[in-house]
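Hi,

Here is the structure I said I would pass on. Have a look at it first, and my notes follow below.

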Amino acid sequence: MKTSVLVVGGGLAGTSAALFLAWRGVDVTLVEKHPGSSPHPRAVGFNARVGELLRAVGMEDRLPPSRMTKGFGVRRVRAESLVGKRFDETFWTPPAELSDIEYSPSTGVGVAQDRMEPILRDKARELGADIRMSTRMLEFSQDADGVTAIVQGDGEPYEIRADYLVAADGHRSPIREALGITRTGRGYMHTSRSVLFRAPLQEYLKDGIGQFVIDDVGFLTTYGDGRWVLMLDDREYTEPELREKIVRAIGRDDLEIEIITTGRWTISAGVADRFSAGRIFLAGDAAHTLPPSRGGFGANVGIEDAHNLAWKLAAVLNGESRPELLDTYDVERRPVASLCHQQIFARNDGHNRGTDPEDAPLYDNYAMHYGILYRSSAVLGAGEELPPAQRPEQWNGQPGTRAPHVWVGPGKSTLDLFQRGWVLVADHPEWEEAAQQAGVQYERVEQLDVFGLSEKGASLVRSDGYIAWRSTDLPNDPSEVLRAAFSSSSAGTR
Ligand SMILES: Cc1cc2nc3c(=O)[nH]c(=O)nc-3n(C[C@H](O)[C@H](O)[C@H](O)COP(=O)(O)OP(=O)(O)OC[C@H]3O[C@@H](n4cnc5c(N)ncnc54)[C@H](O)[C@@H]3O)c2cc1C
């Protein structure tokens, strides 16, 4: 069979890739070797930037909002037990200063991974993605024109020929290994066991604290739906031993506890040294394994990879952009993964066991979620002198950053103007005419100050909602200037 994009792996990154590609009208097929999601969730918090991406594909109303205060992670304390004495609260280093600015129309999503994956999968299918569960990719090869994969479901192995392949096959990524792509980072850190259980403990969550470092037991947290997870050292536990650990962690032995399942997790950190090889692109944990942190840098970053890649693949496949645009996937996303890796260890986020935090500048979550800077040929005017992340108001419409949010009507954000194609944001008839001539959608926005513009200026926004270019003045020939900027940043074929 033939498909435009073959996605291998139906975790959060792969399913998001299928969703974003299908939403852009791309013929996409996904293969996942398991019949469904793992019953033991890992991620639970999805930040507001991911909320924005899901809002764009019309999913926001299907998803429960995040329990995180302003997207800043659940509070964590060290405690004798859940019901016992609580000691110091562990903060960011330094604690993030809360901003009064409303950065986003979205709140983020508070749903456990085993529920999130099927929601994304259903939406991807609804949009036309061909999702084949219980189907394993056995081997692959690529040539100048495409990728050939052999996959197997219930029956005989068969061949899938695709223009491109997205390797979202998890942290061990057999595809990455077969391509000989190495990784850089801390590497293996430790192995943990976990027990997932259900218990009526809701009353202990009232003060907003949701993570508990229990002395002499382990780390206790909740998925917010009656399910809790206790992380333990790496050794075999019998069921009575697990129950005893749970009772000690809770500090009460009079509750009904249902053990759901157990897990064993390798915690490691590494970023692939290349995110692509020919027609194959790594996304999610295949590209970067980042240990659980209070920045939400695991699954969230993988979903953002998928989003960055999807519009580029769509633009190249439909002939609007030359294939060089795809080179910017590695150039834009790899530094983001490296920055997340650095922040996890610089923030002293619980992973520097017995060692000092890494000496590196700290960027708070407003900067990390909404203010990442891309520097690539798909952005004009993002120089090396600029920091890798800042808060949106510090960027003030800098090309290479996410276009800022401001309400432009009841329930309508500037972000709702983007994502379907390239958009020129301005408030001047000459720019409107220029946009028409360049074949770019025009959006009149009165609040140009958040884009760092006066009424003479204009910003060109890419189809992922990032600013590609801006002109702070009205040039003599806006049409020609815009056409050149559009053609260059989009690797345009026209
Ligand atoms: C304990 C724990 C807690 C975490 N908590 C958070 C959190 O709160 N927030 C957060 O953002 N992140 C968190 N993470 C990280 C997050 O879970 C991962 O980043 C995310 O699940 C990775 O998704 P993925 O789709 O890239 O990979 P995976 O979920 O590993 O999916 C890869 C998929 O590829 C499939 N596959 C592999 N090879 C083949 C093949 N040959 N053919 C077909 N299918 C194949 C696998 O079956 C698998 O389903 C946590 C991780 C752990 C371990």
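By a polar contact I mean a pair of N or O atoms within 3.5 Å. Keep in mind that this is a predicted model.

I started with the ligand. Ala299 meets that cut-off through its backbone, where an N or O atom lies 2.8 Å from an oxygen atom of the ligand. Next door in the numbering, Asn300 uses its side chain: an N or O atom there is 3.1 Å from a ligand oxygen. Glu32 also comes in with its side chain, placing a polar atom 2.6 Å from an oxygen atom of the ligand. On its own the ligand would expose 1,000 Å², and the protein buries 86% of that.

The shell around the ligand has 29 residues, with Glu32, Arg42, Gln113, Asp285 and Ala299 the closest. Sorted by class, that shell has twelve polar, eleven nonpolar and six charged residues. Helix H1 (12–23), strand E8 (136–142) and helix H6 (299–317) each give at least two residues to the shell.

Then there is Ser99, which sits in the loop between strand E5 (86–90) and strand E6 (109–110). Is Ser99 buried or exposed? Its relative accessible area is 7%, so Ser99 is buried. The Ser99 side chain has a polar atom 3.0 Å from the backbone nitrogen of Ile101, and it also makes a polar contact with the side chain of Tyr103 at 3.2 Å.

On to the sheets. Eight strands form an open sheet with mixed pairing, in the order E5-E4-E12-E13-E14-E11-E15-E18. E5 and strand E18 (288–289) are the edge strands with a single partner each, so one side of each has no neighbour in the sheet. Further in, strand E4 (residues 75–79) and strand E12 (residues 209–214) are parallel, paired over five bridges, and Arg75 has Ile209 in E12 as its bridge partner.

The other strand I looked at is E23 (residues 458–461). Side chains in a regular strand alternate between the two faces of the sheet. In E23, Ala458 and Leu460 point one way, Ser459 and Val461 point the other way, and all are buried. Strand E21 (residues 423–426) runs antiparallel to E23, joined by four bridges, with Val425 opposite Ser459. E23 also pairs with strand E24 (residues 467–471), again antiparallel and over four bridges; here Ala458 has Ser471 as its bridge partner. The hairpin of E23 and E24 has five residues between the strands, and Gly465 takes a positive phi near 85° there.

Cheers

Technical notes: Residues are numbered from 1 along each chain as its sequence is written. This is a predicted model: local features need pLDDT of at least 70, side-chain atom pairs count only at pLDDT 80 or more; totals for chains, interfaces and linings use all residues. Side-chain values use heavy atoms; hydrogens and water are left out. A residue is near a molecule or strand if one of its heavy atoms lies within 4 Å of it. A polar contact is a pair of N or O atoms within 3.5 Å; within protein, one must be able to donate a hydrogen and the other to accept it, and residues adjacent in sequence count only if both atoms are side-chain atoms. Accessible areas come from the Shrake-Rupley method with a 1.4 Å probe; for residues, only the protein chains shown count as cover. Ala, Val, Leu, Ile, Met, Phe, Trp, Tyr, Cys and Pro count as nonpolar, Asp, Glu, Lys and Arg as charged, and the others, Gly among them, as polar. Buried means under 20% relative accessible area, exposed over 50%, partly exposed in between (1.4 Å probe, protein chains only). Two strands pair if DSSP finds at least two bridges between them.
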